[in-house]
Amino acid sequence: MLDKVFGGASTLALLLAAGMAHASGGTIDIGMIADLTGPAALSGQHKVDGAKLAVDEINGKGGINGKKIKLIVEDDRGQNQAGVSAYEKLAANEDIVAIIGSIRSTIVQATLPYVARFKIPTMIGGTDPKLTHVGNQWVFRFRPNDTYASATMAKYAVNEMGSKKVAILYDTDAFGSAGNSLLEAALKKDGAQVATDQGYSTATKDYTSYLETIKSSGADTLATYMTNAEDEAQMLRQARQLGLNMKIIGSTSIATAVCIQLAGPAVNGTYGVSDFVAQGNDAAKAFTKAYTAKFSSQPDVFGGWVYDAIHVLSQVIAKDGTQPAAIQKGIRAVQGYKGVEGTYRFDNNGDGLHGYWIVKMEGQKVDPIKYVSQ
(Lines give C-alpha, C1' and ligand atoms only; values in the text may rest on other atoms or scores of the structure.)
Protein backbone atom coordinates (compact mmCIF):
# COMPACT_ATOMS: atom_id res chain seq x y z
CA MET A 1 0.00 0.00 0.00
CA LEU A 2 2.84 2.42 0.87
CA ASP A 3 4.50 1.75 -2.50
CA LYS A 4 1.26 2.78 -4.21
CA VAL A 5 1.07 5.95 -2.12
CA PHE A 6 4.56 7.02 -3.09
CA GLY A 7 4.55 5.69 -6.66
CA GLY A 8 6.84 2.68 -6.33
CA ALA A 9 9.22 0.93 -3.98
CA SER A 10 12.31 2.76 -5.27
CA THR A 11 10.63 6.13 -4.68
CA LEU A 12 9.61 5.15 -1.16
CA ALA A 13 13.13 3.98 -0.35
CA LEU A 14 14.57 7.23 -1.69
CA LEU A 15 12.18 9.37 0.35
CA LEU A 16 12.83 7.43 3.54
CA ALA A 17 16.58 7.57 3.03
CA ALA A 18 16.43 11.32 2.49
CA GLY A 19 14.35 11.91 5.60
CA MET A 20 11.49 12.85 3.26
CA ALA A 21 10.96 16.51 4.11
CA HIS A 22 13.08 19.26 2.62
CA ALA A 23 10.88 22.33 1.99
CA SER A 24 12.19 22.85 -1.52
CA GLY A 25 9.51 25.30 -2.63
CA GLY A 26 8.82 28.92 -1.81
CA THR A 27 7.06 28.10 1.45
CA ILE A 28 7.77 26.08 4.58
CA ASP A 29 5.01 23.49 4.70
CA ILE A 30 3.70 22.18 8.02
CA GLY A 31 1.13 19.39 8.12
CA MET A 32 -1.57 18.98 10.75
CA ILE A 33 -4.28 16.44 11.46
CA ALA A 34 -7.40 17.64 13.28
CA ASP A 35 -11.00 16.69 14.06
CA LEU A 36 -12.57 18.70 11.26
CA THR A 37 -15.64 16.45 11.40
CA GLY A 38 -16.90 13.84 13.85
CA PRO A 39 -17.89 13.93 17.53
CA ALA A 40 -15.16 16.39 18.55
CA ALA A 41 -15.37 18.80 15.61
CA LEU A 42 -15.95 21.81 17.88
CA SER A 43 -12.70 21.09 19.70
CA GLY A 44 -11.00 20.47 16.36
CA GLN A 45 -11.96 23.95 15.22
CA HIS A 46 -10.20 25.41 18.27
CA LYS A 47 -7.09 23.47 17.24
CA VAL A 48 -7.22 24.79 13.68
CA ASP A 49 -7.80 28.34 14.92
CA GLY A 50 -4.84 28.17 17.31
CA ALA A 51 -2.61 26.96 14.49
CA LYS A 52 -3.87 29.64 12.08
CA LEU A 53 -3.19 32.37 14.64
CA ALA A 54 0.41 31.23 15.06
CA VAL A 55 0.95 30.97 11.31
CA ASP A 56 -0.55 34.42 10.69
CA GLU A 57 1.64 35.97 13.38
CA ILE A 58 4.83 34.43 12.01
CA ASN A 59 3.99 35.19 8.38
CA GLY A 60 3.00 38.73 9.32
CA LYS A 61 6.55 39.28 10.53
CA GLY A 62 8.08 37.99 7.30
CA GLY A 63 7.89 34.26 7.87
CA ILE A 64 10.91 32.08 8.66
CA ASN A 65 14.12 33.37 7.08
CA GLY A 66 12.00 35.04 4.40
CA LYS A 67 9.78 32.05 3.67
CA LYS A 68 6.10 32.01 4.62
CA ILE A 69 4.57 29.05 6.46
CA LYS A 70 1.93 27.05 4.63
CA LEU A 71 -0.37 25.02 6.90
CA ILE A 72 -1.83 21.85 5.35
CA VAL A 73 -4.65 20.29 7.37
CA GLU A 74 -6.15 16.80 7.01
CA ASP A 75 -9.29 15.53 8.76
CA ASP A 76 -8.85 12.63 11.21
CA ARG A 77 -12.60 12.58 11.98
CA GLY A 78 -11.73 11.63 15.57
CA GLN A 79 -11.07 8.05 14.45
CA ASN A 80 -7.91 5.93 14.54
CA GLN A 81 -7.98 4.70 10.94
CA ALA A 82 -8.89 8.12 9.59
CA GLY A 83 -6.04 9.54 11.66
CA VAL A 84 -3.60 7.06 10.15
CA SER A 85 -4.84 7.86 6.64
CA ALA A 86 -4.52 11.60 7.30
CA TYR A 87 -0.99 11.15 8.64
CA GLU A 88 0.03 9.01 5.65
CA LYS A 89 -1.34 11.60 3.24
CA LEU A 90 0.70 14.34 4.89
CA ALA A 91 3.80 12.14 5.01
CA ALA A 92 3.46 11.55 1.26
CA ASN A 93 4.03 15.28 0.69
CA GLU A 94 7.80 15.59 0.51
CA ASP A 95 7.67 19.35 1.14
CA ILE A 96 6.18 18.95 4.63
CA VAL A 97 8.92 19.47 7.21
CA ALA A 98 6.96 18.58 10.35
CA ILE A 99 3.51 17.39 11.37
CA ILE A 100 1.22 18.52 14.17
CA GLY A 101 -0.37 15.28 15.33
CA SER A 102 -3.46 14.56 17.38
CA ILE A 103 -4.50 15.54 20.88
CA ARG A 104 -6.25 12.14 21.07
CA SER A 105 -3.96 9.58 22.68
CA THR A 106 -5.67 6.73 20.87
CA ILE A 107 -5.05 8.38 17.47
CA VAL A 108 -1.46 9.21 18.39
CA GLN A 109 -0.98 5.58 19.42
CA ALA A 110 -2.28 4.42 16.03
CA THR A 111 0.01 6.78 14.10
CA LEU A 112 3.22 6.17 16.07
CA PRO A 113 4.48 3.34 13.81
CA TYR A 114 4.15 5.68 10.81
CA VAL A 115 5.96 8.47 12.63
CA ALA A 116 8.85 6.10 13.30
CA ARG A 117 8.83 4.83 9.70
CA PHE A 118 8.76 8.19 7.94
CA LYS A 119 11.03 10.00 10.41
CA ILE A 120 9.16 13.30 10.29
CA PRO A 121 9.25 15.41 13.49
CA THR A 122 5.76 15.12 14.93
CA MET A 123 4.28 17.24 17.70
CA ILE A 124 1.50 15.66 19.75
CA GLY A 125 -1.06 16.69 22.36
CA GLY A 126 -2.05 13.21 23.56
CA THR A 127 -1.23 12.79 27.25
CA ASP A 128 -1.00 9.00 27.75
CA PRO A 129 2.50 8.74 29.29
CA LYS A 130 3.40 5.70 27.18
CA LEU A 131 3.25 7.67 23.91
CA THR A 132 6.68 9.18 24.49
CA HIS A 133 8.14 6.14 26.24
CA VAL A 134 8.37 3.67 23.35
CA GLY A 135 11.73 4.77 21.99
CA ASN A 136 10.31 6.89 19.15
CA GLN A 137 12.70 9.81 18.87
CA TRP A 138 10.56 11.71 16.35
CA VAL A 139 7.68 12.50 18.75
CA PHE A 140 7.49 15.63 20.90
CA ARG A 141 4.70 16.26 23.39
CA PHE A 142 3.59 19.88 23.83
CA ARG A 143 1.46 19.14 26.89
CA PRO A 144 2.21 17.57 30.28
CA ASN A 145 1.41 13.86 30.48
CA ASP A 146 -1.18 12.14 32.65
CA THR A 147 1.30 11.13 35.32
CA TYR A 148 1.19 14.76 36.44
CA ALA A 149 -2.55 15.22 35.85
CA SER A 150 -3.62 12.20 37.89
CA ALA A 151 -1.28 12.99 40.78
CA THR A 152 -2.45 16.61 40.87
CA MET A 153 -6.14 15.62 40.75
CA ALA A 154 -5.81 13.05 43.52
CA LYS A 155 -3.79 15.21 45.86
CA TYR A 156 -6.11 18.20 45.49
CA ALA A 157 -9.24 16.07 45.90
CA VAL A 158 -7.99 14.49 49.11
CA ASN A 159 -6.10 17.37 50.72
CA GLU A 160 -8.19 20.37 49.64
CA MET A 161 -11.65 19.04 48.73
CA GLY A 162 -11.79 16.59 51.65
CA SER A 163 -12.59 13.63 49.40
CA LYS A 164 -12.64 10.25 51.12
CA LYS A 165 -14.67 8.04 48.78
CA VAL A 166 -14.22 8.79 45.08
CA ALA A 167 -16.15 7.47 42.09
CA ILE A 168 -14.29 7.48 38.76
CA LEU A 169 -15.89 7.85 35.33
CA TYR A 170 -13.50 7.39 32.42
CA ASP A 171 -13.36 6.94 28.66
CA THR A 172 -12.15 3.44 27.73
CA ASP A 173 -9.90 4.76 24.94
CA ALA A 174 -6.11 5.03 25.34
CA PHE A 175 -6.26 8.40 27.12
CA GLY A 176 -9.03 7.51 29.56
CA SER A 177 -7.80 4.00 30.35
CA ALA A 178 -4.27 5.16 31.09
CA GLY A 179 -5.55 8.09 33.13
CA ASN A 180 -7.96 5.90 35.05
CA SER A 181 -5.21 3.51 36.12
CA LEU A 182 -2.96 6.36 37.19
CA LEU A 183 -5.76 8.18 39.02
CA GLU A 184 -6.92 5.09 40.88
CA ALA A 185 -3.38 4.42 42.10
CA ALA A 186 -2.85 8.08 43.05
CA LEU A 187 -6.11 8.26 45.02
CA LYS A 188 -5.24 5.13 46.99
CA LYS A 189 -1.73 6.45 47.63
CA ASP A 190 -3.19 9.67 49.03
CA GLY A 191 -5.58 7.81 51.31
CA ALA A 192 -8.90 7.88 49.42
CA GLN A 193 -11.13 4.90 48.70
CA VAL A 194 -12.33 4.26 45.14
CA ALA A 195 -16.05 3.64 45.56
CA THR A 196 -16.75 2.65 41.93
CA ASP A 197 -14.84 2.71 38.66
CA GLN A 198 -17.05 3.19 35.57
CA GLY A 199 -15.79 3.01 31.97
CA TYR A 200 -17.78 4.23 28.96
CA SER A 201 -17.20 4.48 25.19
CA THR A 202 -16.33 7.76 23.41
CA ALA A 203 -19.36 9.73 22.16
CA THR A 204 -21.79 8.05 24.57
CA LYS A 205 -25.04 10.03 24.66
CA ASP A 206 -26.75 8.63 27.77
CA TYR A 207 -24.77 8.48 31.02
CA THR A 208 -27.79 7.71 33.22
CA SER A 209 -26.82 4.17 34.18
CA TYR A 210 -23.26 5.21 35.04
CA LEU A 211 -24.45 8.18 37.09
CA GLU A 212 -27.04 6.15 38.97
CA THR A 213 -24.36 3.63 39.93
CA ILE A 214 -22.11 6.48 41.05
CA LYS A 215 -24.94 8.12 43.00
CA SER A 216 -25.67 4.90 44.91
CA SER A 217 -22.00 4.06 45.55
CA GLY A 218 -21.66 6.24 48.61
CA ALA A 219 -19.00 8.38 46.94
CA ASP A 220 -18.56 11.96 48.11
CA THR A 221 -16.66 12.98 44.95
CA LEU A 222 -16.83 12.17 41.24
CA ALA A 223 -13.50 12.23 39.37
CA THR A 224 -13.78 12.15 35.59
CA TYR A 225 -11.20 11.18 32.98
CA MET A 226 -13.15 11.97 29.81
CA THR A 227 -11.49 12.41 26.42
CA ASN A 228 -13.99 14.59 24.56
CA ALA A 229 -15.15 17.92 25.94
CA GLU A 230 -18.47 17.27 24.22
CA ASP A 231 -18.91 14.07 26.25
CA GLU A 232 -17.99 15.80 29.50
CA ALA A 233 -20.60 18.49 28.89
CA GLN A 234 -23.29 15.91 28.13
CA MET A 235 -22.46 14.00 31.30
CA LEU A 236 -22.50 17.13 33.47
CA ARG A 237 -25.93 18.20 32.20
CA GLN A 238 -27.34 14.74 32.90
CA ALA A 239 -25.69 14.61 36.33
CA ARG A 240 -27.42 17.85 37.34
CA GLN A 241 -30.74 16.57 35.99
CA LEU A 242 -30.38 13.46 38.16
CA GLY A 243 -29.63 15.58 41.22
CA LEU A 244 -26.04 14.38 41.55
CA ASN A 245 -24.78 17.00 43.97
CA MET A 246 -21.44 15.50 44.96
CA LYS A 247 -18.14 17.29 44.39
CA ILE A 248 -16.72 16.89 40.88
CA ILE A 249 -13.13 17.13 39.65
CA GLY A 250 -12.12 16.32 36.09
CA SER A 251 -9.20 15.98 33.74
CA THR A 252 -8.49 18.69 31.18
CA SER A 253 -11.67 18.36 29.11
CA ILE A 254 -13.80 19.77 31.94
CA ALA A 255 -12.01 23.12 31.74
CA THR A 256 -12.20 23.60 27.96
CA ALA A 257 -14.15 26.30 26.16
CA VAL A 258 -16.22 23.64 24.38
CA CYS A 259 -17.26 21.92 27.61
CA ILE A 260 -18.19 25.23 29.23
CA GLN A 261 -20.13 26.32 26.16
CA LEU A 262 -22.11 23.07 25.89
CA ALA A 263 -22.55 22.33 29.60
CA GLY A 264 -23.72 25.82 30.51
CA PRO A 265 -24.48 26.29 34.22
CA ALA A 266 -23.98 22.54 34.82
CA VAL A 267 -20.21 23.10 34.82
CA ASN A 268 -20.32 25.65 37.64
CA GLY A 269 -18.81 24.53 40.92
CA THR A 270 -16.67 21.81 39.37
CA TYR A 271 -12.90 21.54 39.67
CA GLY A 272 -10.35 20.32 37.18
CA VAL A 273 -6.77 20.26 36.04
CA SER A 274 -5.69 22.18 32.97
CA ASP A 275 -2.40 22.81 31.24
CA PHE A 276 -3.80 25.98 29.67
CA VAL A 277 -5.19 28.92 31.64
CA ALA A 278 -6.08 32.10 29.79
CA GLN A 279 -4.49 34.34 32.43
CA GLY A 280 -1.82 31.86 33.50
CA ASN A 281 1.21 33.82 32.26
CA ASP A 282 2.10 36.75 30.02
CA ALA A 283 2.21 34.62 26.88
CA ALA A 284 -1.21 33.13 27.63
CA LYS A 285 -2.68 36.58 28.22
CA ALA A 286 -1.38 37.87 24.89
CA PHE A 287 -2.57 34.73 23.10
CA THR A 288 -6.03 34.99 24.65
CA LYS A 289 -6.35 38.63 23.61
CA ALA A 290 -5.28 37.91 20.02
CA TYR A 291 -7.37 34.73 19.73
CA THR A 292 -10.52 36.38 21.07
CA ALA A 293 -10.11 39.35 18.73
CA LYS A 294 -9.57 37.14 15.68
CA PHE A 295 -12.16 34.39 16.30
CA SER A 296 -14.66 36.01 18.71
CA SER A 297 -14.43 33.04 21.08
CA GLN A 298 -12.41 32.01 24.11
CA PRO A 299 -9.31 29.85 23.53
CA ASP A 300 -8.50 26.67 25.41
CA VAL A 301 -5.94 23.88 25.45
CA PHE A 302 -6.90 22.69 21.95
CA GLY A 303 -5.65 25.91 20.41
CA GLY A 304 -2.99 26.62 23.01
CA TRP A 305 -0.69 23.66 22.50
CA VAL A 306 -0.62 23.87 18.69
CA TYR A 307 0.04 27.62 18.92
CA ASP A 308 3.09 26.85 21.05
CA ALA A 309 4.16 23.97 18.81
CA ILE A 310 4.22 26.12 15.67
CA HIS A 311 6.07 28.96 17.38
CA VAL A 312 8.69 26.58 18.80
CA LEU A 313 9.00 24.88 15.42
CA SER A 314 9.48 28.22 13.65
CA GLN A 315 12.30 29.21 16.01
CA VAL A 316 14.02 25.85 15.56
CA ILE A 317 13.76 26.03 11.75
CA ALA A 318 15.03 29.62 11.71
CA LYS A 319 18.11 28.48 13.62
CA ASP A 320 18.71 24.95 12.37
CA GLY A 321 17.01 24.63 8.96
CA THR A 322 14.29 22.33 7.61
CA GLN A 323 16.00 18.95 7.46
CA PRO A 324 14.11 16.47 9.69
CA ALA A 325 17.18 15.48 11.71
CA ALA A 326 18.02 19.14 12.38
CA ILE A 327 14.45 19.89 13.53
CA GLN A 328 14.44 16.80 15.73
CA LYS A 329 17.70 17.82 17.40
CA GLY A 330 16.62 21.43 17.67
CA ILE A 331 13.32 20.73 19.45
CA ARG A 332 14.99 18.36 21.89
CA ALA A 333 17.42 21.15 22.79
CA VAL A 334 14.64 23.63 23.66
CA GLN A 335 14.96 24.60 27.32
CA GLY A 336 13.16 27.58 28.85
CA TYR A 337 10.82 28.60 26.02
CA LYS A 338 7.97 30.55 27.61
CA GLY A 339 4.78 29.51 25.83
CA VAL A 340 1.09 29.92 26.49
CA GLU A 341 1.03 26.48 28.10
CA GLY A 342 4.00 27.13 30.33
CA THR A 343 7.80 26.97 30.19
CA TYR A 344 9.04 24.20 27.89
CA ARG A 345 11.97 22.03 28.95
CA PHE A 346 12.15 18.99 26.72
CA ASP A 347 13.50 15.82 28.33
CA ASN A 348 15.01 12.75 26.67
CA ASN A 349 11.56 11.28 26.08
CA GLY A 350 10.34 14.33 24.18
CA ASP A 351 8.08 15.66 26.95
CA GLY A 352 8.14 19.44 27.13
CA LEU A 353 5.93 20.31 30.15
CA HIS A 354 5.76 18.90 33.64
CA GLY A 355 2.89 20.41 35.63
CA TYR A 356 -0.80 21.33 35.74
CA TRP A 357 -3.07 24.11 36.96
CA ILE A 358 -5.81 23.35 39.44
CA VAL A 359 -8.87 25.33 38.32
CA LYS A 360 -12.48 25.88 39.34
CA MET A 361 -15.35 26.63 37.00
CA GLU A 362 -17.57 29.43 38.27
CA GLY A 363 -19.93 31.65 36.31
CA GLN A 364 -19.07 29.51 33.28
CA LYS A 365 -15.48 30.73 33.43
CA VAL A 366 -12.22 29.07 34.42
CA ASP A 367 -10.74 30.43 37.64
CA PRO A 368 -7.13 29.34 38.27
CA ILE A 369 -6.36 28.25 41.82
CA LYS A 370 -2.70 27.22 41.71
CA TYR A 371 -0.05 25.72 39.46
CA VAL A 372 1.45 22.41 40.55
CA SER A 373 4.87 21.61 39.10
CA GLN A 374 6.35 18.14 39.48
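**Exercise 1. Are Phe 276 and Phe 287 buried or exposed?**

Work out where these two residues sit and how their rings meet. Keep in mind that this is a predicted model.

*Solution.*
- Step 1: start with the surroundings. Phe 276 is buried, and Phe 287 is buried too.
- Step 2: turn to the rings. Their centres are 5.8 Å apart and the planes of Phe 276 and Phe 287 stand at 90°, so this pair is edge-to-face. The cut-off to remember is that planes over 60 degrees apart count as edge-to-face.
- Step 3: find the two on the chain. Phe 276 belongs to the loop between β10 (271–274) and α11 (282–295), while Phe 287 is in helix α11. With their positions 11 residues apart, the pair links distant parts of the chain.

**Exercise 2. Classify the ring pair of Tyr 200 and Tyr 210, and say what the pair ties together**.

*Solution.*
- Step 1: how many aromatic pairs are there in the model? The count comes to 15.
- Step 2: take the pair in question. The ring centres of Tyr 200 and Tyr 210 lie 6.5 Å apart with planes at 65°, so here again we have an edge-to-face pair.
- Step 3: look up the elements. Tyr 200 is in strand β7 (residues 193–200) and Tyr 210 is in helix α8 (residues 208–215), so the pair ties together parts that are 10 residues apart in sequence.
- Step 4: check the burial. Tyr 200 and Tyr 210 are both buried.
- Step 5: if you fancy a bigger group, look for the aromatic cluster formed by Phe 140, Phe 142, Tyr 337, Tyr 344 and Phe 346.

**Exercise 3. Describe how helix α4 packs with helix α5**.

*Solution.*
- Step 1: get the geometry. The axes of α4 (residues 80–91) and α5 (residues 105–118) are 8 Å apart, at an angle of about 30°.
- Step 2: name the arrangement. Angles under 35 degrees count as roughly parallel, so α4 is roughly parallel to α5.
- Step 3: add the handedness, which is right-handed for the crossing of α4 and α5.
- Step 4: list who touches whom. On the α4 side you'll find Asn 80, Gly 83, Val 84, Tyr 87, Glu 88 and Ala 91. Facing them on α5 are Thr 106, Ile 107, Ala 110, Thr 111, Tyr 114, Val 115 and Phe 118.
- Step 5: sort these contact residues by kind: eight are nonpolar, four polar and one charged.

**Exercise 4. What covers the buried residues of α13, and how does α12 cross this helix?**

*Solution.*
- Step 1: pick out the buried residues of α13. They are Pro 324, Ile 327, Gln 328, Gly 330, Ile 331 and Arg 332.
- Step 2: see what lies over them. The cover includes β3 (96–100), β4 (122–124), β5 (139–141), α12 and β11 (335–338).
- Step 3: zoom in on α12. The axes of α12 (residues 301–320) and α13 (residues 324–332) come within 9 Å and cross at roughly 120°. That angle makes α12 oblique to α13, and the crossing is right-handed.
- Step 4: name the partners. From α12 come Leu 313, Val 316, Ile 317 and Asp 320, and they meet Ala 326, Ile 327, Gly 330 and Ile 331 of α13.
- Step 5: sort them. The contact of α12 with α13 has six nonpolar residues, one polar and one charged.

**Exercise 5. Now try α3 and α11: at what angle do they pack?**

*Solution.*
- Step 1: the angle is about 105°, with the axes of α3 and α11 11 Å apart.
- Step 2: such an angle makes α3 roughly perpendicular to α11.
- Step 3: α3 brings His 46, Asp 49, Gly 50, Lys 52, Leu 53, Asp 56 and Glu 57 to the contact, and α11 brings Phe 287, Ala 290, Tyr 291, Lys 294 and Phe 295. Phe 287 is the residue whose ring pairs with that of Phe 276.
- Step 4: by kind, the contact of α3 with α11 has five nonpolar, two polar and five charged residues.

**Exercise 6. Where do Asn 65 and Lys 119 lie, and what is the phi of each?**

*Solution.*
- Step 1: recall the background. Most residues other than glycine have a negative phi.
- Step 2: Asn 65 has a positive phi of about 50°. Asn 65 lies in the loop between α3 (41–60) and β2 and is exposed, at 61% relative accessible area.
- Step 3: Lys 119 has a positive phi of about 55°. Lys 119 sits in the loop between α5 and β4 and is partly exposed, at 37%.

How values were computed
Residues are numbered from 1 along each chain as its sequence is written. This is a predicted model: local features need pLDDT of at least 70, side-chain atom pairs count only at pLDDT 80 or more; totals for chains, interfaces and linings use all residues. Side-chain values use heavy atoms; hydrogens and water are left out. Rings of Phe, Tyr and Trp (its six-membered ring) pair if their centres lie within 6.5 Å; planes under 30 degrees apart count as stacked, over 60 as edge-to-face and the rest as tilted. Helices (H or I, at least four residues) and strands (E, at least two) are DSSP runs, numbered from the N terminus. Buried means under 20% relative accessible area, exposed over 50%, partly exposed in between (1.4 Å probe, protein chains only). Axes are lines fitted to C-alpha atoms, for helices over the stretch in contact, and angles run from 0 to 180 degrees between N-to-C directions. Angles under 35 degrees count as roughly parallel, over 145 as roughly antiparallel, 65 to 115 as roughly perpendicular and the rest as oblique. A crossing is left-handed if the near helix is turned anticlockwise from the far one by less than a right angle, and right-handed if clockwise. Contact means heavy atoms within 4.5 Å. Ala, Val, Leu, Ile, Met, Phe, Trp, Tyr, Cys and Pro count as nonpolar, Asp, Glu, Lys and Arg as charged, and the others, Gly among them, as polar.
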